[in-house]
Amino acid sequence: MATQNQIIPRGQMADAPAGRFSLGSITDAVIAPIFGRTPAWWWIGFLLSTLLLLVFVFTLGRVATVGVGLWDVNQPVVWGTGIINLVFWIGIGHAGTFISAFLLLMRQSWRGAFSRYAEAITLFALATAGLFPILHTGRPWFAYWVGPYPNTLGLNPQWTSALVWDLVAISAYGIVSLLFFYVDLLPDFAAVRDKAQRPLTKGIYSFLSMGWRGDSTHWVRLRKTAYLLAALATPLVISVHSIIGLDFAITNVPGWHHTVFPPYFVAGAVFAGFAMVLIFAIALRSLFNLQNLITLKHIDWASRFMLVTGLMVGYGYAVEVFGAFYAGHTGEVLLTVERTFGPYGLAYWGMILFNVVIIQLLWFKSVRRNLPLLVLICIGVLIGMWLERFVIISISLGYGHMVSMWDQWHPTLTDWLTIFSPFGLFLTAMFLFIRFFPVMPMYEVQEVAHEEGWE
Amino acid sequence: MSNGKSNCLYGLTAEFEEPAALLAAARQARAAGYRKIRTYSPFEVHGLDEVLDQQRTPVLGWLVLIALLLGGAAAFLMQYWTAVVDYPLNVGGRPLFSWPAFIPITFEASILFAGVAAVGFLLIRSALPQPYHPIFNTDGIEAASQSRFFLCIQTDDAQFRLRETWQFLQNLEPIQVSEVTC
């Protein structure tokens, strides 16, 4: 695998001085946190996350029982925080499968440093994202109406609606990502099983590992399956956020009706996803002492990815503004002026600051290897990407083609809770994941380590 | 070989420290005429499938392709049937069979079917989940998922003779040779 690498030369898995690793030491390093004492920081983080999760449950419960009016959505601004959060969280979920699939196809063996927890981020972000469109329907208990199922009225879904595409795209993405995640975990669950001492622990991990025993025929099949899934998942990743982009682009709302939307949404999604993955990479390497496996070089490369996708996003902003003036359409021009200098102009410039200006620091190697600064940049990117969705969704809807369609959206207390509390669900799941799952694909890192001769 | 007795023999294993040693051992075992050979390792040892003549997965790609086409066709036909035949709904005079709008769902369904088929094939062909396997009775087999490489010659091999096979494995200079009960 590593030998055929062309983009980045050999020896990419680590700044590895010889003699640092022996077979088994990688497994030991990754498994250690699972069997070690639960550290205090984990309890604190987990409890805070579950508290936030309770707030989330409370908020969604209120929205479900009282109504979506709590999000201040009404004509003409019919899409509020629910949809902004959907797009934001799906975006977070894009780096995981992108890293696993695209980097695998490109034979980038350094993907092992990120792939596992990036995939976990994908799954949990998708689970979070999926709740919002269901809640946004207003009557979530009827959400299944959007799917094709035999009903007494003999009605069928409207296939030309992008909302039905969303349902299919997000479900397909979720299922394929879960399969990818799980298949990759089989050998690692087996490794945990073989290290486990207590019967109950051993039993649980035996069950999860499905009795994986490292048979050579199984390895061959696993590799081929992984490559096939990667080849399938790469266009899938691109299609999912493209379809989300089409939700907007196929309407004729000023500010939405742009052909640039699908690719620009995909770039934005991978951009935000990489920011989240980098935050976890930096946190995990120091909390779990994985500095030898998640090296500064890996973080450097991921930062470059973030820079590249960030530049694409910046290009998207430029095209939007250019398109409005080039077309000379009154509605588009008006919207552009209102976005930049209107009441919510601060959100637009915040978006430009975080997504375009600050990331230019990543051109410098010293910044790409300065971890505290990098975390701050990543948090900035997450804020910036949230603002982007806000600017696109809620502001555009308030400037329709007719004056009677003009209105402004005002965030309510429920909106603020809806913005912050989903992190409770996401982080609770992530804390459980890092406590009980091997956070890196041990077999893959061992294989690369062996081939590149780290021992 | 499962004859119901708990102390019957499944095979003999030799344990190695290095993937290269396992590969060499597998090659020699094949050369010596053994055919029922299995290896167990913490990661894929490249070349083993050729040595052990185990390259029997071309069917996987074809199966996934068929599932892909099947999924796509099913999704497209479902949309066609519901929108054109089952409940034609005139929306502003637009054509009922507006096929470009059917493409996104067709695409997603193709990928979904193909992905599920690929993983299904992996599990079914590898007979997983399989909670019990005799190889788990081997001494120190836990290391097969960490740092050691095991070669097992099964008793159902035509050439298996306890004493000779034991000697043969010893000559490969493993860390240890052990019996596997089934």
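Let me start with where helices α5 and α6 of chain A meet. From α5(A), the residues involved are A:E119, A:T122, A:L123, A:L126, A:G130 and A:P133, and from α6(A) they are A:D166, A:I170, A:Y173, A:G174, A:S177, A:L178, A:F180 and A:F181. Sorted by class, that contact has eight nonpolar, four polar and two charged residues. This is a predicted model, so please hear everything that follows with that in mind.

Now the geometry of that pair. Helix α5 of chain A covers residues 115-136, and it packs against α6(A) at an angle of about 155 degrees, with the two axes 10 Å apart. Because of that angle, α5(A) is roughly antiparallel to α6(A). The crossing of α5(A) and α6(A) is left-handed.

Next, the second helix pair in chain A. Helix α2, residues 40-66, and helix α15, residues 413-420, have axes that come within 9 Å and cross at roughly 135 degrees. That angle makes α2(A) oblique to α15(A). The crossing of α2(A) and α15(A) is left-handed. On the α2(A) side the contact is made by A:V55, A:T59, A:R62 and A:V63, and on the α15(A) side by A:T414, A:L417 and A:T418. By class, the contact of α2(A) with α15(A) has three nonpolar residues, three polar and one charged.

On to the core. Which residues touch the most other members of the largest nonpolar core? They are A:I121, A:V176, A:F271, A:F274, A:V277, A:L278 and A:A302, in a core of 155 residues. Helix α6 of chain A, residues 162-195, gives the largest share of this core, with 18 residues. A second core, separate from that one, has 29 residues, among them B:A29, B:V51, B:L52 and B:C182.

One residue from that list is worth a stop. If we leave aside neighbours within four places in sequence, A:V176 is in contact with A:L232, A:A233 and A:L236, and also with B:I111, B:L112 and B:G115. The contacts of A:V176 therefore include residues of chain A and residues of chain B.That brings us to the interface. Here 48 residues of chain A are in contact with 51 residues of chain B. Helices α6, α8 (216-249) and α17 (442-451) of chain A each supply at least two residues of the side that touches chain B. Which helix gives the largest share of that side? It is α8(A), with 16 residues. By class, the side of chain A that touches chain B has 26 nonpolar, 15 polar and seven charged residues.

Now some backbone details. Most residues other than glycine have a negative phi, and most peptide bonds are trans. We have two cis bonds to look at. One joins A:Q75 and A:P76, with omega about -5 degrees. A:P76 lies in the loop between α2 and α3 (81-92) of chain A. Another cis peptide bond joins B:L128 and B:P129, with omega about -5 degrees. B:P129 sits in the loop between α4 (103-125) and β3 (149-154) of chain B.

Then the positive phi values. A:D72 is not a glycine, and its phi is near 55 degrees. The loop between α2 and α3 of chain A holds A:D72. Is A:D72 buried, partly exposed or exposed? It is partly exposed, with 17 other C-beta atoms within 10 Å. In chain B, B:E173 has a positive phi of about 55 degrees and is not a glycine either. B:E173 is in the loop between α5 (162-171) and β4 (176-181) of chain B. With 11 C-beta neighbours inside 10 Å, B:E173 counts as exposed.

Last, two residues in helices. A:R285 belongs to helix α9 of chain A, residues 261-287. A:R285 counts as buried because it has 21 C-beta neighbours inside 10 Å, and the cut-off for buried is 20 or more. Outside the four nearest places in sequence, A:R285 is in contact with A:L290, A:Q291 and A:I294. A:R285 and A:W41 are 244 residues apart along the chain, and their C-alpha atoms are separated by 14 Å.

The other residue is B:L123, in helix α4 of chain B. B:L123 has 17 C-beta neighbours inside 10 Å and counts as partly exposed. From B:L123 to B:V59 is 64 residues in sequence and 14 Å in space, C-alpha to C-alpha.

Note on methods
Residues numbered from 1 in each chain as written. Chains lettered and ligands numbered in written order. Predicted model: local features only at pLDDT ≥ 70, side-chain atom pairs only at ≥ 80, totals over all residues. Core = buried A, V, L, I, M, F, W, Y, C linked by C-beta atoms within 7 Å. Buried ≥ 20, exposed ≤ 12 C-beta atoms within 10 Å, placed from the backbone. Helix = DSSP H or I, 4+ residues; strand = E, 2+ residues; numbered from the N terminus. Contact = placed C-beta atoms within 7 Å. Axes fitted to C-alpha atoms, helices over the stretch in contact; angles between N-to-C directions. Parallel < 35°, antiparallel > 145°, perpendicular 65-115°, else oblique. Left-handed = near helix turned anticlockwise from the far one by under 90°. Nonpolar A, V, L, I, M, F, W, Y, C, P; charged D, E, K, R; others polar.
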